[in-house]
Amino acid sequence: MTQIEQITGTGIPLTGNDIDTDRIIPARFLKCVTFDGLGEQVFADDRAALEGRHPFDQPQYQGATILVVNRNFGCGSSREHAPQAIARWGIKAVLGESFAEIFFGNCVAIGIPCLTATAEVVGQVQAALDADPTTVVTLDLATQTVTVGAEAGAVSMPEGVRQAFLAGTWDACGQLVANADAIRATAATLPYVAW
């Protein structure tokens, strides 16, 4: 199982509140059997409407691994395709003012930490990335800080989730596989399984 203590990389600022999952990955892309190829379609309609001016299209943000958003990011439907599309584009962590609960849970399930900060801290990080897209951002789950250049700010996430990332126990499927023998042994003793 993979421990996630710190994510460092360049960032991509995506401003706006209430960006829903249909904007992150439009419904017409949900027909796929696997999540392969979803990264190319992330924000497809927004990107088409902005004709190359969307942050995900701008050359200076290509290769960014940290997405910096505002309030209530990932609201709307519960589609797990939204975090999958973001991850397949290359995002490894998201910093925002707040996240929709199901979106947050879907991100945790695939190993993408979603950390929250005040509107002021998020705005400062977005402004720094606007001014210099090569700025390195570090999200530290252990110290609960975001560092941008010489500046640092406080971030947070629910303590149980934070500890799961730090311990490497966030991956429920990985835990099942790692404990398969113990699960089989327990199942064999249950009368309603063994009949």
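Biologist: Why does Cys-114 count as buried?

Modeller: Cys-114 has a relative accessibility of 1% in this predicted model. The cut-off for buried is under 20%, so Cys-114 falls on the buried side.

Biologist: And what makes Cys-75 buried?

Modeller: It's the same kind of check. The relative accessible area of Cys-75 is 15%. That is under 20%, so Cys-75 is called buried too.

Biologist: How many disulfides does the structure hold?

Modeller: Zero.

Biologist: How do you know that the sulfur of Cys-114 is too far from the closest cysteine sulfur for a bond?

Modeller: The closest cysteine sulfur to that of Cys-114 is in Cys-107, at 3.6 Å. A disulfide needs two sulfurs within 2.5 Å, so the pair of Cys-114 and Cys-107 doesn't qualify.

Biologist: What about Cys-75, and which cysteine has the sulfur closest to it?

Modeller: Cys-107 again, but here the sulfurs are 13 Å apart. With the limit at 2.5 Å, that is too far for a bond, so Cys-75 has no disulfide with Cys-107.

Biologist: On to the strands. What is the order of the sheet?

Modeller: The sheet is open and has seven strands, ordered β4-β3-β2-β1-β5-β6-β7.

Biologist: What makes β4 and β7 edge strands?

Modeller: β4, residues 114-116, and β7 each pair on one side only. From one strand to the next, the twist averages 30°.

Biologist: How do you know that β1 and β5 pair?

Modeller: Two strands need at least two bridges to pair. Five bridges link β1 (residues 6-13) with β5 (residues 136-140), so they pass, and they run in the antiparallel sense. Gly-9, for one, stands opposite Val-137 in β5.

Biologist: Why is the pairing of the sheet called mixed?

Modeller: Strands can pair either parallel or antiparallel. This sheet shows both: β1 and β5 are antiparallel, while β1 runs parallel to β2 (residues 66-68), with three bridges between them. Ile-12 stands opposite Leu-67 in β2. β2 also pairs in the parallel sense with β3, residues 93-96, again over three bridges. There, Val-68 has Leu-95 as its bridge partner.

Biologist: Which strands does helix α5 touch as it packs on the sheet?

Modeller: β1, β2, β3, β5, β6 and β7, with the direction of α5 at about 70° to that of β1.

Biologist: Gln-126 sits in α5, residues 119-131. What makes Gln-126 buried?

Modeller: Its relative accessible area is 5%, which is under 20%, so Gln-126 is buried. The side chain of Gln-126 also reaches the backbone oxygen of Val-68 at 3.1 Å. Is that a polar contact or not? The cut-off is 3.5 Å, and 3.1 Å lies within it, so yes. Beyond its neighbours within four places in sequence, Gln-126 is in contact with residues including Pro-13, Leu-14 and Asn-70.

Biologist: Which residues touch the most other members of the largest nonpolar core?

Modeller: The core has 54 residues, and Leu-67, Leu-95, Val-125 and Val-146 are among those touching the most other members. Leaving out its neighbours within four places in sequence, Leu-95 is in contact with residues including Leu-67, Val-125 and Val-146.

Biologist: Last one: how many bridges join β6 to β7?

Modeller: Four, between residues 145-148 of β6 and residues 151-154 of β7, in an antiparallel run. At least two are needed, so these strands pair. Val-148 stands opposite Glu-151, and in the hairpin, which has two residues between the strands, Gly-149 takes a positive phi near 60°.

Note on methods
Residues are numbered from 1 along each chain as its sequence is written. This is a predicted model: local features need pLDDT of at least 70, side-chain atom pairs count only at pLDDT 80 or more; totals for chains, interfaces and linings use all residues. Side-chain values use heavy atoms; hydrogens and water are left out. Buried means under 20% relative accessible area, exposed over 50%, partly exposed in between (1.4 Å probe, protein chains only). A polar contact is a pair of N or O atoms within 3.5 Å; within protein, one must be able to donate a hydrogen and the other to accept it, and residues adjacent in sequence count only if both atoms are side-chain atoms. Contact means heavy atoms within 4.5 Å. Axes are lines fitted to C-alpha atoms, for helices over the stretch in contact, and angles run from 0 to 180 degrees between N-to-C directions. A nonpolar core is a set of buried Ala, Val, Leu, Ile, Met, Phe, Trp, Tyr and Cys residues joined through side-chain atoms within 4.5 Å.
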